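Me: I should like to learn how the strands, helices and chain contacts of a model are read. Could we proceed feature by feature?

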Amino acid sequence: MTPEERLRHLGIELPEMMIPAGSYLPARVTGDLIFVSGQGPWHAGGLVKGKVGRDLTGEQAREAARLTGLNLLAVLRRELGSLDRVGAIVKVLGMVNCAPGFNDTPAVINGCSDLLVEVFGEAGKHARSAVGMAELPFDIAVEIELVAEVVRPGP
Amino acid sequence: MTPEERLRHLGIELPEMMIPAGSYLPARVTGDLIFVSGQGPWHAGGLVKGKVGRDLTGEQAREAARLTGLNLLAVLRRELGSLDRVGAIVKVLGMVNCAPGFNDTPAVINGCSDLLVEVFGEAGKHARSAVGMAELPFDIAVEIELVAEVVRPGP
Amino acid sequence: MTPEERLRHLGIELPEMMIPAGSYLPARVTGDLIFVSGQGPWHAGGLVKGKVGRDLTGEQAREAARLTGLNLLAVLRRELGSLDRVGAIVKVLGMVNCAPGFNDTPAVINGCSDLLVEVFGEAGKHARSAVGMAELPFDIAVEIELVAEVVRPGP
């Protein structure tokens with residue numbers, strides 16, 4: 001199955017790509033790489049906000065990271081035309097809006113990493129850091145950026 | 001207009017490149033990419049320091065981000081010989097020294113992003129994350145690193 | 001001397017590579033680059049934990065950063081077969097688990113940067129940011145990720 005087929009098989013529908021909240025692009029392609037801007041847990045109803053460990057549990061934050069992953073996929077599809085043009089996920093930087101003392105950031109970011117592996121299989125496995133931030137834009141609970149490999153269109 | 005011409009047209013003079021405060025290089029070229037080390041809001045008179053939302057307003061921090069952008073340009077020019085060898089700005093990581101509760105980090109980092117677009121035009125538009133840090137070196141208000149595409153010298 | 005010879009000459013023995021604490025890979029190669037996941041100050045006895053400036057001194061944190069560097073080398077050797085296949089260290093992101101008010105993050109991360117130069121010489125010099133985080137996984141004192149250039153095996 002291709003990533004797009006797997007997505008349908010999993011019954012996942014991607015959200016609309018969010019318009020950047022600043023003077024920047026959702027993503028930039030250079031050579032065989034695409035750098036995707038930090039995405040957050042936004043959905044039709046708004047943003048998932050708050051400090052993890054105080055306003056949200058770790059499990060709720062993990063769900064927010066999965067939602068953030070869906071937004072990363074939405075950017076990749078929009079920029080490349082199809083998720084089938086993603087050759088591999090290379091690197092993820094997962095940033096958690098931590099209340100003081102909350103440090104199980106890897107479990108939170110697994111919500112996104114697991115999604116990437118569900119959709120891309122082996123090619124979805126990536127290098128990663130998962131760390132705790134003092135603040136994130138608009139108090140979102142999680143922000144995640146990534147670098148992926150792009151498959152060039154055939155001849 | 002080339003980036004160097006645009007810079008002159010805007011009447012912008014770049015600061016001297018700051019010597020790294022540690023065991024590292026201002027930038028490293030690899031293939032067609034240049035990775036620029038995190039720069040801060042330094043100028044002839046010193047460093048812009050403090051927590052944004054407490055010691056500095058968001059608007060002052062945005063100015064500090066613009067100043068940081070000038071320092072990024074200074075590194076790019078010094079490493080590449082000319083800004084005209086920058087093919088595109090690929091990715092910016094903007095880090096704001098946030099007082100608790102200050103989270104309008106995108107508006108702060110726009111100070112740098114807007115400068116990059118003024119100087120490079122469409123090629124200056126980039127992927128980005130703009131996030132809030134617990135601490136930055138020497139308490140500087142903003143730190144920004146970037147990845148850019150390098151144009152190889154013609155034959 | 002090659003990096004492997006230099007390591008022996010320095011009498012440095014690398015630790016076992018740590019198994020990732022989440023759904024991700026220790027590193028991912030793409031083109032001529034390898035992206036290494038954030039590593040921490042782990043050793044046979046456990047993790048170096050705590051807030052720098054409160055639970056650890058800057059000097060202790062610098063040692064933790066050197067230990068983290070050894071773990072980065074362990075990943076590079078395991079992924080590439082030998083450190084001699086590292087062409088250059090391109091970019092380091094050093095993240096320090098800061099107590100409020102501790103901001104001499106460059107001196108801490110020098111513990112890793114100096115090690116990289118000891119082992120790789122000129123090729124070990126890199127672009128870098130060294131910043132202060134609100135929280136790191138499991139309260140480790142330091143986390144560092146890097147991007148390096150890979151030398152392709154000869155024909």
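**Reading sheets, helices and interfaces**

Me: Where in chain B is the pairing of β5 and β7, and in which sense does it run?

Reply: In general, the strands of a sheet pair through backbone hydrogen bonds, in either a parallel or an antiparallel manner. The model here is predicted. In chain B, strand β5 (residues 86–97) and strand β7 (residues 142–150) are paired in the antiparallel sense, with 9 bridges. Within this part of the chain, Gly94(B) has Ile144(B) of β7(B) as its bridge partner.

Me: What is the order of the strands in the open sheet of chain B?

Reply: The order is β1-β2-β7-β5-β6, an open sheet of 5 strands with mixed pairing. β1 (27–30) and β6 (127–133) of chain B each have a single partner strand and stand at the edges, so each has one side without a neighbour in the sheet. On average, neighbouring strands of this sheet are turned by 15 degrees against each other, direction ignored.

Me: Which strands of chain B does helix α2 touch?

Reply: Helix α2 (residues 58–80) of chain B packs on the sheet and touches β1, β2 (33–39), β5 and β7 of chain B. The direction of α2 makes about 40 degrees with that of β7(B). Helix α3 (residues 105–120) of chain B lies across β5, β6 and β7 of chain B, and runs at about 160 degrees to β5(B).

Me: How is the packing of two helices read, and at what angle do the axes of α2 and α3 of chain A cross?

Reply: Two packed helices are described by the angle between their axes and the distance between those axes. In chain A, the axes of helix α2 (residues 58–80) and helix α3 (residues 105–120) come within 7 Å and cross at roughly 40 degrees. α2(A) is therefore oblique to α3(A). The crossing of α2(A) and α3(A) is right-handed.

Me: Which residues meet where α2(A) and α3(A) are in contact?

Reply: From α2(A), the residues include Ala61(A), Ala65(A), Gly69(A) and Leu73(A). From α3(A), they include Val108(A), Cys112(A), Leu115(A) and Val119(A). By class, the contact of α2(A) with α3(A) has 10 nonpolar, 5 polar and 3 charged residues.

Me: Which residue takes a positive phi in the hairpin of β1(C) and β2(C)?

Reply: In chain C, strand β1 (residues 27–30) and strand β2 (residues 33–39) pair in the antiparallel sense over 4 bridges. Ala27(C) stands opposite Val36(C) in β2(C). The hairpin has 2 residues between the strands, and Gly31(C) takes a positive phi near 55 degrees.

Me: What turn and shift lay chain B on chain A?

Reply: A turn of 120 degrees with a shift of 0.0 Å along the axis lays chain B on chain A, with an RMSD of 0.0 Å. That is the relation of a three-fold axis. In chain B, the C-alpha nearest the axis belongs to Ala134(B), at 2.9 Å from it. Chain B is also superposed on chain C by a rotation of 120 degrees with 0.0 Å of shift along its axis, at an RMSD of 0.0 Å.

Me: How many residues does each chain bring to the contact of chain B with chain A?

Reply: The size of an interface is often given as the accessible area lost when the parts come together. Here the description is by residues: 26 residues of chain B are in contact with 23 residues of chain A. On the side of chain B that touches chain A, β5, α3 and β6 of chain B are the elements that give two or more residues. This side divides into 13 nonpolar, 7 polar and 6 charged residues. Only 8% of the interface residues of chain B are also interface residues in chain A, so the copies meet through different surfaces.

Me: Which elements form the side of chain B that touches chain C?

Reply: The contact takes 23 residues from chain B and 26 residues from chain C. The elements of chain B giving two or more residues to this side are β1, β2 and β7. β2(B) gives the most, with 4 residues. The residues of this side comprise 12 nonpolar, 6 polar and 5 charged. Only 9% of the interface residues of chain B are also interface residues in chain C, so these copies too meet through different surfaces.

Note on methods: Residues numbered from 1 in each chain as written. Chains lettered and ligands numbered in written order. Predicted model: local features only at pLDDT ≥ 70, side-chain atom pairs only at ≥ 80, totals over all residues. Pairing = 2+ DSSP bridges. Axes fitted to C-alpha atoms, helices over the stretch in contact; angles between N-to-C directions. Contact = placed C-beta atoms within 7 Å. Nonpolar A, V, L, I, M, F, W, Y, C, P; charged D, E, K, R; others polar. Parallel < 35°, antiparallel > 145°, perpendicular 65-115°, else oblique. Left-handed = near helix turned anticlockwise from the far one by under 90°. Least-squares fit on C-alpha atoms with pLDDT ≥ 70 in both.
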